[in-house]
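Here's a quick tour of a few spots worth a look in the viewer. We'll go from a single residue to a sheet and then to a surface patch.

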Amino acid sequence: MSREYYRYTEYMLFAIILCLSDWCSAQISYSVSEEVVKGTLVGNIAKDLHINAQQLEERGFRIVSGYSKAYFEANLRTGALLVNDRIDREELCPNVPKCYLNIEGLLGNPMNIYRIEVSILDINDNAPTFLEQIHVFNISESSSTGERYPLPAAHDADTGSNSVKTFKLSPNEHFSIDVSSGQDSVSAELVLQKALDREKQPSVKLILTAVDGGKPPRSGTMQILISVIDVNDNTPSFSKPLHKVRVRENVPVGTTILKLNATDLDEGSNSDIRYFLMRGGSVDSPGRFNVIPESGEIVVKSNLDYEENNAYELRVRAADQGASPRSGYSKVLVEVVDVNDNAPDISITSMLSHVKESAEIGTVVALVTVTDKDGGQNGLTNCKIEDSIPFKLTSNYKNYYSLIVDGLIDRERAPQYNITITAVDEGSPTLSSTAVISVNISDINDNTPSFPEDNMNVYIKENSKVGNTITKATAQDADTNENAKLTYSLIDYNRQHITISTVLNINSETGEIINLQSFNYEEIKTFQFKVQATDSGVPPLSSNVTVNVFILDENDNSPTILAPYSEHGSVNSESIPYSAEAGYFVAKVRAVDADSGYNALLSYHLSEPKGNNLFRIGTSTGEIRTKRRMSDNDLKTHPLVVLVSDNGEPSLSATVSVDVVVVESTADIQTQFRHVPIKEDSFSDLNLYLLIAIVSVSVIFLLSLISLIAVRCHRTDGSFNRYSAPMITTHPDGSWSYSKATQQYDVCFSSDTLKSDVVVFPAPFPPVDGELISINGGDTFTRTQTLPNKEKVCV
C-alpha cells in the first residue's frame, strides 16, 4: 500500500469522525508535510467553505492563530491556503505521534469564524541516535547459547513509519540479533549463538545499527563491546520482567515509588546483587529517578510534571558481585497521574478596537481561548462573564469562544466596559483564573441638539447701535467630537413682513445674534424667527428654538400740535366776551405723540405769560378756561404760549402761541363752540355735533375692526403678526393721545364722558407695550385704567 493512499485513508477517516460530531460545520481539516517550502498549497479555503473567492477580499478574510509564528497565509484572490513559514513537526510536537495546528479563518461584514485544523505530516528528516557511543556487556564464558542481552534503545525524533523499525548487527560468529516490535516501539536483544571462550577471545567488538522506516531509510550506529567473564555461572533474575507503577505528579522528591527484587542462585559475592539504572528507555528518565544499589528502591530524584511527561520507561540492571559479575535486566513503566495543579489560561484576541454603539447583536468583539495544561477532567474548563452587561460569550469549538454584542449599547450611558471573563476547570478542587478586556464604545450621531427652552424672549431698544449682540442661543448635544460640534443658523418665520437675514446675523459657532440694522418701534414692535442648531454628524441632526423679539420704545418723537392750531412760529387768535364767567371755555389745544406708553403721555402747560392769573389750562385735556371774571384792569389782548410735553426720559415738547382777545359782546365772537359751561344741564347743539362726529368715527372704527377680525380669521402664523394697528387713546375730556403700539382694541362708550369721546383700550399682549395710561377727569394721570362707574357699552 503506497504512502499517498495511507495518507488519503487517514484524512478520510478523520473527516468522517468530524462530520459525525457536532462540529462538522465549524471545522475544516487539511494536511501538509513538514519542512515544505514557503508558498506550498495546503488547500482552497474558498472552495471548501463554498464562498466566492471575490468575497474573501471584500469581507477582509484573515488567518488568526495563537502561535508565535504565522505558519499559514491565505491568498485572497484565489482562496488558496499557503504555507508561510518553516514547519518543524519535531519542534512543534515533540514526542507526540500526531501533530495538529489549529487556526481560525475570520470573515467580516458579517463576522464569521471557521476553525481550520492542519495535520502536520512527518517526513524522515531525523536519523536514529543512541544515547551512548559504546555499550559494554560482561558475559561469562560459561554462558549458554541462546542467552539474551537487551541492547540499548535507539531514539528517533520522527514518528510513525519514519521512526526506528529495525536493528542490524555486524557479522560475527558468536552473536545474532533478535528484533521485536511492539505497538509503539522496537527493541532488540543480543542472542548468544556460540559459546564464548575467554582464552581464545577475551572480548568481542560489534557494531549495532538502528534503521528507521523512511524512504530512503536513515540509520545510526553504536559500538557493542563484549567482555568475556570467567566462571560466574548464574545470572541474577528479577521476579518479573516488567514492573508498572502509578505516581502522582505532586509526589515529594525522595519518595520511594518501587522496590526491585532480583535473586542469584550463586553464593557469596556471586549472589551479592547491586541495582543500577541503565541509559535507555525514556530520554530523561535518569534525571527524574534514582535507584539505591543496595536495596533496589527506586526513588524520585526531581519534581514530576504530568504536563511535561506523563510516562517514563526505566531500564534496570541487577549485577552480582562475583569475580565475573553477571547481570539480570528488567523494565519499569512509571505512569504519572495528573493532579489539578494548573489554573486555566485565558488568551484574548481583540477583533475591534472600538465598538460602535449602533453595533448589531451578534457582532464579534474578541476571540477568547482557554487552555489548561492538566489532563482528563482537570483539563476541562467552563468560561463565563460575571457582570450584567450587553455582551456574552458563545462557544465556537471546544475551548474557543467569541465575545459578542448581546444587547443595545448606549455610549452616553457607558462609554467603556471592563469585561471580566472567568474560566473554571472541573478538577477537584477547582481552579479558576480571570482576565479583563476593555471595550471602548465609539459614538454615533444619535442625539439631537437640544435648547434649554422651546422659546426665547429678547427685548431690544429701538435705535440701538448696529452690531450689538442682542442674545446668544446655546444648545447642548449628548454626543461627542464631530457629532457634538454645533453650528447655528437663522430661519425666517413664515408670512412675516421682514426678512430675518437682512436685519440679524448669527455667529455659526458661538450662537451669538447681532443686529444688522437699528429698529424703529413706530414701524415694527415685534417679530419672530427661529434659530436652528445642527451637529456635524453623518447624517446631521438639528433642532430649532423660537425667538420672540420685542422692540422697546424710546422717547424719540416730539409731540405734534393738531389743527386748527399751528406749531411754534405762527400766532393763533381766539376771542372771548368781556362778560365771560369763571370757567369760560376759551380754546382747546390737541396734540399727538408717535411714541407709546409714558413716552406718548402728554401734559399741557401755560408757559407765558408768567404769573398769569386770568387763564388756566387742563394739564391732561389741553382746555384753556378762564379762572375768574374780567375786570377793567385786565388787558384786552392776552398772548399765551402753550407747552405740550410728553412723559419720556428725557422729555420732549412742542409749543403753540395763542392770543386771546377780549371783546365787548358775544356778537363779535366768530368762532363757534367757544363757551362751554362747567355743567351742562340740557342737550346743546354742541353736544349734538359732537355726538354726530363720534358716531361717524365709531362706525368707521367698527367697520375697520370687523375687517381686521376677518383678516385675522384667515391667518395662521401665530399671535405676533396680528397686532399691527396703531393705538389711539383719548382722555375723558376729549384730548387725544396717539401711539403706534401693535395692539388689539376694546372700544367703550361712557355715558358721562363730557364730550362722548371714543376710548380705545389695548389688549394685554404683548406685556412690554400693553400698559395703558389713563387720564382722569382732572389734571392728573395714573397708570391704572379708570372709567366712570356709570353704564358703558363695549364693542
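Contact here means heavy atoms within 4.5 Å. Leaving aside neighbours within four places in sequence, S119 touches Y30, S31, V32, C99 and Y100. This is a predicted model, so local features need pLDDT of at least 70, side-chain atom pairs count only at pLDDT 80 or more, and totals for chains, interfaces and linings use all residues. Residues are numbered from 1 along each chain as its sequence is written, and side-chain values use heavy atoms, with hydrogens and water left out.

S119 sits in strand β7, while L703 belongs to helix α7 (helices are DSSP runs of H or I, at least four residues; strands are runs of E, at least two; both are numbered from the N terminus). Buried means under 20% relative accessible area, exposed over 50%, and partly exposed in between, using a 1.4 Å probe and protein chains only.

| Residue | Relative accessible area | Class |
|---|---|---|
| S119 | 12% | buried |
| L703 | 53% | exposed |

Now for the sheet. It's an open one with four strands in the order β34-β40-β39-β36 and mixed pairing. At the edges are β34 (455-461) and β36 (486-492), each pairing on one side only; pairing takes at least two DSSP bridges between two strands. β34 runs parallel to β40 (residues 542-552) over seven bridges, and M456 has V547 in β40 as its bridge partner.

Back to L703: together with L691, V695, V699 and I706, L703 makes a nonpolar surface patch of about 440 Å². Patch residues have over 30% relative accessible area and no salt bridge (a side-chain nitrogen of Lys or Arg within 4 Å of a carboxyl oxygen of Asp or Glu); like charges are joined within 9 Å, and nonpolar side chains (Val, Leu, Ile, Met, Phe, Trp, Tyr) within 5 Å.

Key
Areas by Shrake-Rupley, 256 points an atom, 1.4 Å probe, with all protein chains shown as cover.
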